[in-house]
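Welcome! Here is a short tour of one model, with its ligands, a pocket and a sheet along the way.

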Amino acid sequence: SAPIRIGIAGYGNLGRGVEAAIAKNADMALVGIYTRRDPSDLVPLNAGAPVFSMDELAGHAGDVDVLILCGGSKSDLPEQGPALAALFNTVDSFDTHARIPEYFASVDAPAQAARKTALISAGWDPGMFSINRVYGEALLPDGDTYTFWGRGLSQGHSDAIRRVAGVAGGVQYTLPSEAAIAEVRSGSRPELSTRQKHTRECFVVLAEGASEEAVRAEIVGMPHYFDQYDTTVNFITAEELARDHSAMPHGGFVIRSGNTTDGHAQVVEYSLALESNPEFTSSVLVAYARAVHRMSASGQFGAKTVFDVAPGLLSPKSAADLRAELL
Ligand SMILES: NC(=O)C1=CN([C@@H]2O[C@H](COP(=O)(O)OP(=O)(O)OC[C@H]3O[C@@H](n4cnc5c(N)ncnc54)[C@H](OP(=O)(O)O)[C@@H]3O)[C@@H](O)[C@H]2O)C=CC1
Ligand SMILES: N[C@@H](C[C@H]1CC(C(=O)O)=NO1)C(=O)O
């Protein structure tokens, strides 16, 4: 059958990762990369990849089966998500957790009106970790769930600090509390606050003439991103950023620790060890683009989350082949 025609909206770490992931999926084809910058400024992974201005995107609505939105959650997707869901089937990785319900509503209305499918908040957290938290709670109702990330580079938090006035560049690492992990693994099912589980470490290049104190204050107090964590902000040069902070490893795990009877403790765990956070996230987005293409064809319109997607829809194999491989 004809390949699924994919568009990429926004060309950063995720956009590049989606370009790579499409090449790993024989049933997918890249129609175009769409950027708000001058297309000639972009150096795609594949020299021949078609790059267009975002202004040309609306005119390409008939050429794209699924548009993967690779903008930043802090300030790109809140505007791009609803606008593009009115024209395309979309997949995005929106990860401002506290704002997911309002974002869902803002995307659902245009998607329903246009009879399009818009999958929001795919990736690993939110995304694969969300699914595994739901599995754990459904399978072990008497239990506690814990999520730990890192040590690694959070793209959402790195994008968020890069949007702060006075920041010329930067990254954010998330560090889990080893003591908290040990307590969880002991099976004692501890009560842990957000602040007790992780700390956040930022490395920032200050823009010319900006104030370190002002930048630090805006980062550490940033609602939904940093205000609930102990956060450190280190100021470095652009050269140090490029030299020491170009890799984007990450990972973590979701653990459900519960009891099926008083005598039997049960533990479920899902873990990730990622050399490239963006490339893994992009691989998730591309698999969900396959599901969205099918869901749209079967008339499942409006905003969806990963909870609404049957796992078989992610696979390039037919339902019959998957049944044959159930074991
Ligand atoms: N759910 C999950 O598990 C995950 C979610 N995410 C989400 O993905 C989002 C995007 O992450 P990421 O790709 O790392 O963000 P980037 O900062 O790399 O890119 C964000 C946007 O910024 C623009 N941009 C990129 N590079 C440049 C540049 N050099 N100069 C000017 N503009 C640039 C691009 O838009 P344009 O091309 O239009 O200029 C791009 O779409 C994050 O905000 C996060 O919320 C990430 C990882 C996991
Ligand atoms: N959305 C995160 C993916 C994981 C990593 C994370 C964190 O380090 O706070 N939270 O969720 C990202 O942008 O990398």
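In this predicted model, leucine 153 has tyrosine 173 of strand E9 as its bridge partner. Strands E8 and E9 (residues 167–176) pair in the antiparallel sense over two bridges. Strands here are DSSP runs of E with at least two residues, helices are runs of H or I with at least four, and both are numbered from the N terminus; two strands pair if DSSP finds at least two bridges between them. The open sheet they belong to has four strands, ordered E8-E9-E10-E11, with mixed pairing. E8 (152–153) and E11 (230–235) each have a single partner strand and stand at the edges, so one side of each lacks a neighbour in the sheet.

Two conventions help here. Residues are numbered from 1 along each chain as its sequence is written, while chains are lettered from A and ligands numbered from 1 in the order written. Because the model is predicted, local features need pLDDT of at least 70 and side-chain atom pairs count only at pLDDT 80 or more, whereas totals for chains, interfaces and linings use all residues; side-chain values use heavy atoms, leaving out hydrogens and water.

Now to the ligands. Ligand 1 is surrounded by 28 residues, the closest being Leu14, Thr35, Ser73, Asp95 and Trp124 (a residue is near if one of its heavy atoms lies within 4 Å). H5 gives the largest share of this shell, four residues. Around ligand 2, the residues include Asp95, Trp124, Thr174 and His250. Helix H5 (residues 155–162) gives the most to that shell too, with three residues.

Some polar contacts, pairs of N or O atoms within 3.5 Å, are listed here:

| Ligand atom | Protein partner | Distance |
|---|---|---|
| Ligand 1, oxygen | Serine 73, side chain | 2.6 Å |
| Ligand 1, oxygen | Tryptophan 124, backbone | 2.8 Å |
| Ligand 1, nitrogen | Proline 126, backbone | 3.1 Å |
| Ligand 2, oxygen | Threonine 174, side chain | 2.5 Å |
| Ligand 2, oxygen | Histidine 250, side chain | 2.8 Å |
| Ligand 2, oxygen | Glutamine 155, backbone | 3.0 Å |

The protein covers 93% of the 350 Å² of accessible area that ligand 2 has on its own (by the Shrake-Rupley method with a 1.4 Å probe).

Finally, which helix gives the most to the lining of the second largest pocket? That is helix H4 (residues 128–139), with five residues. Other lining residues include Tyr270, Phe307 and Leu314.

Definitions and conventions
Polar contact = N/O pair within 3.5 Å; in protein donor to acceptor, adjacent residues only side chain to side chain. 1 Å grid on protein atoms, 1.4 Å probe; cavity = no way out; pocket = protein on both sides within 12 Å on 5 of 7 lines; lining within 4 Å.
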